[in-house]
Amino acid sequence: MEIKKICCIGAGYVGGPTMSVIAQQCPHIQVTVVDLNQERIAAWNDSNLENLPIYEPGLSDVVKEARGRNLFFSTEIEKAIHEADTIFISVNTPTKTYGKGKGLAADLKWIELCARQIAKVSTTDKIIVEKSTLPVRTASTIKDILKHTGNGVNFQILSNPEFLAEGTAVQDLLKPDRVLIGGDQSEKGKEAIQALVEVYERWIPRERVLTTNLWSSELSKLTANAFLAQRVSSINSLSELCERTEADISEVSRAIGTDSRIGPKFLKASVGFGGSCFQKDILNLVYICRTYGLTEVAEYWEQVIKINDHQKRRFATQIITNLYNTVNAKKITFLGWAFKKDTNDTRESAAIYVADHLLFEKAKLSVYDPKVTEQQMLADLDYLNTRSAQENQELVTVEQDPYEACEDSHAIAVLTEWDEFKDYDWQRIYDKMLKPAHIFDGRNILDKEQLEKIGFKVFSIGS
Ligand code: NAD
Ligand code: UGA
C-alpha cells in the first residue's frame, strides 16, 4: 500500500513541525493537521508567518513552501479522519493530575478520545500511527477500542515516536539520527511498517529508519528521554560537589566527554532541565515499573527527578544566601524564561520554580525573555497555585528591553541560555545596578572573568 492522505490529530509542538516537514518533503502526500483548539489552527493559517503558534528556527520557511499546496490546518477533525488513509495521533499526554497514578502516570484521556473518534467515523482501512509519547503497551488499548467500536474497518497500529528537540526541531526532522517505526510482526503489520518507511525514505537514508516490534518502539521513546535526562542530572549532581572542592564542572565535563564511550553531548551543567517531556516521561516510566512490581528499577529512575528538583531549589537558595539571606522587596532580574534557548515553550521551565521560590521570600522579579509573552509567564506562575494571580502580577514585572529589566536590580539570574545574553553591554548594565551587583549564571554562558573585571560578583553552576 502507498500512503497518500495523512491526517494528524494535534497541531502542537510535535504535530505542527513534523507534518510540515513531511508535507515539504513529500509533495505527493496530502497532509491535514487538525486540532480542537481553534485559536491554534487559526495561528497556523495566519498569513503573517511571524504569528505561527510555535517559534522554531526555520519553521516558517517550511510552512510557507507547503501550506496551501499539500499542507492544511483545520478544525474539521472528523472530515480529515474520514478521508485519510493514515492517521498520526500527536496529542498531549501529560502527567495525570487526578485519580489513580496521580502525579506519575501519563493521562491517556486524549489518546482514547482520538481512538474512539477514529473508530466512529472510519469507513475505509487505515494505518494509525502513535506519534505521541506513550506508555509501553498503549497500542493494545488503541487496538481494543478500534476493534470493538469500529465499523468492521481494518486498522493497523504503528508506533513512530518523535525524537525532535525544541529549538532545533526542523533540523532534527530533516536530518534525524534515526527514525523508529514499530509495528505488528504479522504480514499486514509489516506492510503497514513498509508503507511508513517509504514516506521517510523520501529524505532520510534507509539505514537510519529502524523497525522493531510495537512494544520495543513504545518503550524506546521513554528510555531515550530517561537516558538523556539522567545525563543532565548526573552532571548537575556533581556540579554541587565541584562547588565544594574547587573542581570545575565544565572541565570535568570536557574531561569525561572526550572518552568516546561517554561522548560530549548532554553534559552541560545547568539550573536544571525543563521541558514538557523529560519529567513527565520519567515519572511515567517510574509508574510503569511500579505497576509491574519493579521497585528497585522505579527508585533508580526516580532519583533523576529528585536531583533535578534539588538543583532548581539549590540555585534559588544560592541567590537568597548571597543576597545576605533576604530578598524581601529586592529587585531581582531574570534573563530568560523559556526552558531552553530558541523556543517560546515554557513548560516545566526551571525559571518557573526558581521564581516561585524567590516569590515566597517576597522578592520582586523583573523578567526579560526574547520570545515568551508576559501572559505566558504569569499563567505559568498562576498554574502553580501557590499564591493569588493578583499577587503574582504585583510581584512580577515583564520587560521588553533587557537593559530596563536590569536597572536598579540587586541581582541578575540567567535562566535560559539565549545567545544574545552573551553580547550585552555588561558595563552599561553594571552601571545602572545597585551595588554590590550580583550575577547568578544558571547556564554558565557568560564570561565570568570579564564580568568580575567590571565589578560584578559572579556565581556560576559547578565552579
Ligand atoms: P501540545 O500540547 O503542544 O499539542 C497537542 C495538541 O493536541 C494540542 O494543541 C491539543 O489541543 C490537541 N488535542 C488534544 N486532544 C485532541 C483531540 N481529541 N482532537 C484534536 N486535537 C486534540 O503537545 P506536544 O508538545 O506537541 O506533544 C504531543 C506529544 O508528543 C506528547 O505525547 C509528547 O510527549 C510528545 N513529544 C513531544 C515533544 C516536544 O518536543 N514537545 C517531542 C517528542 C515527543
Ligand atoms: C528532549 C529530547 O532531547 C528529545 O529527543 C525528545 O524528543 C524531547 O525531549 C521530547 O520527547 O519532548 P527537549 O525537551 O525539547 O527535547 O530539549 P532538550 O534539548 O533535550 O533539553 C531539555 C532540557 O535539558 C532543557 O531544559 C535543557 O536546557 C536541559 N539540558 C540539556 C541541560 O541542562 N544540559 C544539557 O547538557 C542538555
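Me: Where is the place of Tyr 324?

Reply: This is a predicted model, and in it Tyr 324 sits in the loop between helix 12 and strand 9. Its backbone deserves a look, since Tyr 324 has a positive phi of about 65° although it is not a glycine.

Me: Does the surface reading come from a cut-off, and what does Tyr 324 count as, buried or exposed?

Reply: A residue is called exposed when its relative accessible area is over 50% and buried when that area is under 20%. Tyr 324 has 52% relative accessibility and therefore counts as exposed.

Me: Which value does phi of Asn 444 take, and where is Asn 444 found?

Reply: Phi of Asn 444 is near 50°, a positive value in a residue other than glycine, and Asn 444 is found in the loop between strand 13 and helix 18. Asn 444 counts as buried because its relative accessibility is 19%.

Me: What is the peptide bond from Lys 435 to Pro 436, cis or trans?

Reply: The bond from Lys 435 to Pro 436 is cis, with omega near 0°, and Pro 436 belongs to the loop between helix 17 (426–431) and strand 13.

Me: Turning to the sheets, in what order do the six strands of the open sheet stand?

Reply: As a general idea, the strands of a sheet pair through backbone hydrogen bonds, either parallel or antiparallel. Here six strands form an open sheet in the order 11-10-9-12-13-14, with parallel pairing. Strand 11 (396–398) and strand 14 (457–460) stand at the edges with a single partner strand each, so one side of each is left without a neighbour in the sheet. From one strand to the next, the twist averages 20°.

Me: How many bridges join the strands there, and which residues are bridge partners?

Reply: Strand 9 and strand 10 pair in the parallel sense over five bridges, and in strand 10 the bridge partner of Phe 334 is Val 367. Strand 10 (residues 364–368) also pairs with strand 11 in the parallel sense, over three bridges, where Val 367 has Val 398 of strand 11 as its bridge partner. Val 367 can thus be followed from one pairing to the other when you trace the sheet on screen.

Me: How many of the five residues of strand 9 are buried, and which strands does helix 12 lie across?

Reply: Strand 9 is mostly covered, with four of its five residues buried. Helix 12 (residues 295–322) lies across strand 9 (331–335), strand 12 (411–414), strand 13 (438–441) and strand 14, and runs at about 165° to strand 13.

Me: How is the sheet of eight strands arranged, and which strands stand at its edges?

Reply: The eight strands form an open sheet in the order 3-2-1-4-5-6-7-8, and the pairing is mixed. Strand 3 (71–74) and strand 8 (209–213) stand at the edges, each with a single partner strand, so one side of each is left without a neighbour in the sheet. The twist averages 25° from one strand to the next. Within this sheet, strand 5 and strand 6 run parallel and are joined by five bridges, and Lys 126 has Phe 155 in strand 6 as its bridge partner. Helix 6 packs on the sheet, where it touches strand 5 and strand 6, and its direction makes about 165° with that of strand 6.

Me: How far apart are the end C-alpha atoms of helix 5, and why does that distance agree with its number of residues?

Reply: The 13 residues of helix 5 (residues 109–121) should span 18 Å at 1.5 Å a residue, and the end C-alpha atoms are 19 Å apart, which agrees. The buried residues of helix 5 are Ile 111, Cys 114, Ala 115, Ile 118, Ala 119 and Val 121, and these pack against elements including strand 1 (5–9), helix 4 (77–83) and helix 6 (138–149).

Me: Which residues are closest to ligand 1 and to ligand 2?

Reply: Of the 26 residues that surround ligand 1, the closest are Asp 35, Arg 40, Thr 93, Glu 166 and Lys 280. An N or O atom in the side chain of Thr 93 is 2.6 Å from an oxygen atom of ligand 1, while for the side chain of Arg 40 the distance is 2.7 Å. Around ligand 2 there are 20 residues, the closest being Phe 163, Leu 164, Ser 270, Cys 277 and Arg 443. A polar side-chain atom of Arg 443 lies 2.6 Å from an oxygen atom of ligand 2, and a backbone N or O atom of Leu 164 lies 2.7 Å from an oxygen atom of ligand 2.

Methods
Residues are numbered from 1 along each chain as its sequence is written. Chains are lettered from A and ligands numbered from 1 in the order in which they are written. This is a predicted model: local features need pLDDT of at least 70, side-chain atom pairs count only at pLDDT 80 or more; totals for chains, interfaces and linings use all residues. Side-chain values use heavy atoms; hydrogens and water are left out. Helices (H or I, at least four residues) and strands (E, at least two) are DSSP runs, numbered from the N terminus. The expected span of a helix is 1.5 Å times one less than its number of residues. Buried means under 20% relative accessible area, exposed over 50%, partly exposed in between (1.4 Å probe, protein chains only). Contact means heavy atoms within 4.5 Å. Two strands pair if DSSP finds at least two bridges between them. Axes are lines fitted to C-alpha atoms, for helices over the stretch in contact, and angles run from 0 to 180 degrees between N-to-C directions. A residue is near a molecule or strand if one of its heavy atoms lies within 4 Å of it. A polar contact is a pair of N or O atoms within 3.5 Å; within protein, one must be able to donate a hydrogen and the other to accept it, and residues adjacent in sequence count only if both atoms are side-chain atoms.
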